[in-house]
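Student: I should like a close look at one part of this chain, described as a connected whole. Please start from the model shown here.

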Amino acid sequence: MVPNLIIPQALASFPPFLKDASRRNGRGKKGLEKMTNRERILKAIRGEMPDRLPFAPRLDLWYNANVQAGTLPERHKNRTFDQIARAEGWALHKINPEYQKPRKPEDNLHWALGILSYKESVFGFRFSPDVDVEVKEGGGRTKITYHTPVGSVSTTTVYTEEMRKAGVSNFWVEEHALKGPKDYRVVAYIFENLKLFRDDRDFLKWKEEIGEDGVPFTLAGRAASPMHHIQKYFVDATDFYFHYHDYAKEMQALAESMGGFFDEIIQQVGDSQVEVVYWGANFDDMITYPAFFEKDIVPWIRKAADILERKGKYVSCHCDGENLGLMDLIRDSGMHIAEAITPAPMTKVPIEEYYRRWSDKLTLFGGIPSILLLRESISDEEFEAYLDHLFKAIAPGRRMILGIADSTPPKAVFERLVRIGEKVEKEGRLPLEAGAFRPLIHPAVPEAVKPVLREIVWDEEFRQVQNDVLEGDQAAIQEHIQSLLAKGVKAEEILKRGMLSAMEVISERFKNGEAFIPEVLLSARAMNGAVKVLQPHLGGTQRAAKGKVLIGTVKGDLHDIGKNLVITMLKGVGFETVDLGIDVPTPAFIKAVEEHKPHILGLSALLTTTMPQMQAVIECLTQKGLRDRVKVMVGGAPVNEKFARDIGADGYAADGADAVTLAKKLIRQE
Ligand code: B12
């Protein structure tokens, strides 16, 4: 039973004019509340006690998709998203620049180099006169070649009509600047000679427009450090880990040569009239895994926070990913605001854990996972129960700004947003009381992830090969295999006792959060190369691949890091794989199944909006009479076992290691 349950539908019948008339700069009913939303947010950031919890939902994605589809709530039909927020009495969410609304084409033209300037920025940029920029545009693609005195590099970005309709705000980088070691020097040249200059007129105008209804964050950059910048922009997300390993020297040199650019940004935002600086995005313990985060990101967050704090400014980072492995690192990084924090059930960290561990040092912004707004994912009762839980979990409410993490999804039940706003007004006075707070049942979260690596059982004869797999040393493993073969050791033995035994250890470490993406990718790459050397020596049964897996990310979805990891791990244990890429339409899956005749079709989706595509693919397989010929496995952060069953898939796996186990199981069932 949920106490005080207010049926969201009942709220819809409130006369809209009554609601709108009652708001005064977010001062709530009849303007009786003491503070404006701007004052509340600033107090929360400073660690002081506002009169009540600020609530600032991010609406852009939801708004853009619903405007396109003509499905805005009736009472807000002709409003902008700021007008909607104001009418509802919510604080304006002024954090992410409107990436697709540049003032002039150059503002976001250089997205693939991460050189951006918007109305929300306080600086502009100028390339050196000896850098010649050649632009070719067409069909939603922009190809740019940068000619410099030390060579040329090119990039291609994509932004299609469909992406615009879906409300996507980021570009897709199809061709990255760094393809091989020679490109590093060219990119370094561009950055060493780039000039930043103060240009804050538009920012000041924007700040004035926001007024007392919110706090404008200015974009320093979506990357928090030079190395993070290289990772986010210059290399394909998965290839980054190979480059980081293979071209370590070049990468280090490039990161160092970009230090001046980052120092200049700190200087520019430090000397401006901004209060809060957006410093880096998409922190996630897989992508920005702990060792990388600590070595290559934290020092720059600390530097920016130290310098900017002395100038009376605050640093905010967009922490929208899985933060379990980064909990202590983020807390101790010096950042002042962790924005877009997305708790369980969307990630592994419950809201009470976030608040308990972080709120003495930094301000939390977010806390309401976006799936809570979706009727298909969460019932009205579960939604209410989460809100009750949240209000207790964040007592007394200091250092907390409520928001939807990371953004309101296109199919959100609007009345649930309204309900949060009402609850904040009625029950959000600070200090909140925890009462007899009993946390929802969540799996226990470890204090800090301190890897206790699962030890390998060394097999003396194969020790070197095992070690090569663990180290991901692709050159050494081939040499060691050759010498074992030369000594007459059987290929089957090398594969089983040397390679697979070590790969299993890596998989298990990854599953337990003791190893991260780079280790797995490098080990799997070493395995792939080594298997090729062994192939001619393997007996008939071993020679055939374990099975063929066709895999792709569904239509509308551009996330590919997880899918690529699954592919690499499958390949590592001997599956033949066909990568269909990202944004794959249903007919393309069907055509590929007909053509490649795989044993398994793997579908990946990271967005709640694209999950239904998985069902569409399965239904189409059935219609075409292909369903019995192929097993379907699904995965991706929002997918779960139940969803997989509901849509008629043959299996679901939560991560790369489980995907391997599942694929083996499905093959046995054939
Ligand atoms: C990195 C990232 C991005 C990058 C993607 C880069 C890339 N090349 O992939 C960029 C910045 C481009 C991006 C864009 C967007 N993103 Co994003 N992104 C993330 C983030 C932070 C990490 C995802 C990731 O790679 N994790 C690491 C990998 C290893 O894990 P994984 O993908 O889950 O994969 C593992 C398992 O799921 C499984 N698995 C995966 N696929 C498969 C397939 C099979 C067959 C099997 C068996 C298993 C399996 O195994 C994998 C390996 O262990 C997540 C946060 C999160 N919690 O997931 C948000 C997140 C997914 N993004 C989100 C959003 C909203 C967006 C945007 C709409 C933002 C915007 N306003 O434009 C766009 C959408 C673009 C599009 N149309 O796809 C939301 C989605 C919310 C939702 N549930 O719908 C999330 C959850 C952030 C949040 N906190 O709300 N994003």
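Student: What distance separates the centres of domain 1 and domain 2, taken over C-alpha atoms?

Tutor: The centres of domain 1 and domain 2, taken over C-alpha atoms, are separated by 26 Å. This is a predicted model, in which local features need pLDDT of at least 70 and side-chain atom pairs count only at pLDDT 80 or more, while totals for chains, interfaces and linings use all residues. Residues are numbered from 1 along each chain as its sequence is written.

The domain assignment of the protein chain places domain 1 at 460–540 and domain 2 at 547–669; such bounds come from an automatic or database domain assignment. Between the two, 15 residues of domain 1 are in contact with eleven residues of domain 2, where contact requires C-beta atoms, placed from the backbone, to lie within 7 Å. On the domain 1 side of this boundary, the elements that give two or more residues are helix H21 (491–511) and helix H22 (517–534). Helices here are DSSP runs of H or I with at least four residues, strands are runs of E with at least two, and both are numbered from the N terminus. H22 supplies the largest share of that side, nine residues. By class, the side of domain 1 that touches domain 2 has nine nonpolar, three polar and three charged residues. In this division Ala, Val, Leu, Ile, Met, Phe, Trp, Tyr, Cys and Pro count as nonpolar, Asp, Glu, Lys and Arg as charged, and the others, Gly among them, as polar.

H22 has a further partner in helix H11 (residues 239–246): the two axes come within 9 Å and cross at roughly 80°. Axes are lines fitted to C-alpha atoms, for helices over the stretch in contact, and angles run from 0 to 180 degrees between N-to-C directions. H11 and H22 are therefore roughly perpendicular to each other, on a scale where angles under 35 degrees count as roughly parallel, over 145 as roughly antiparallel, 65 to 115 as roughly perpendicular and the rest as oblique. From H11, the residues Tyr-241, Phe-242, Tyr-244 and His-245 meet Ile-517, Pro-518, Leu-521 and Leu-522 of H22. The contact of H11 with H22 comprises seven nonpolar residues, one polar residue and no charged residue.

Attention may now pass to the strands and helices on the other side of the boundary. Five strands, in the order S14-S13-S15-S16-S17, form an open sheet with parallel pairing; two strands pair if DSSP finds at least two bridges between them. Strand S14 (576–584) and strand S17 (651–652) stand at the edges with a single partner strand each, so one side of each has no neighbour in the sheet. Within this sheet, S15 and S16 pair in the parallel sense over five bridges, and Gly-602 stands opposite Met-633 in S16.

Two helices lie across these strands. Helix H24 lies across strand S13 (548–554), S14, S15 and S16, and runs at about 175° to S13. Helix H26 (residues 611–623) lies across S13, S15 and S16, and runs at about 135° to S13.

The ligand brings several of these elements together. Of the 48 residues around the ligand, Gly-562, Gly-602, Ser-604, Gly-635 and Asp-655 come nearest; a residue is near a molecule or strand if its C-beta atom, placed from the backbone, lies within 6 Å of it. The elements that give two or more residues to this shell are helix H24 (561–572), strand S15 (600–604), strand S16 (631–635) and helix H28 (656–669). H24 gives the most, with five residues. The shell around the ligand divides into 22 nonpolar, 18 polar and eight charged residues.

In summary, H22 serves two contacts, since this helix gives nine residues to the side of domain 1 that touches domain 2 and also meets H11 through residues including Leu-521 and Leu-522. H24, for its part, lies across four strands, S13, S14, S15 and S16, and gives five residues to the shell around the ligand. Gly-602 is likewise mentioned twice, as one of the residues that come nearest to the ligand and as the residue opposite Met-633.
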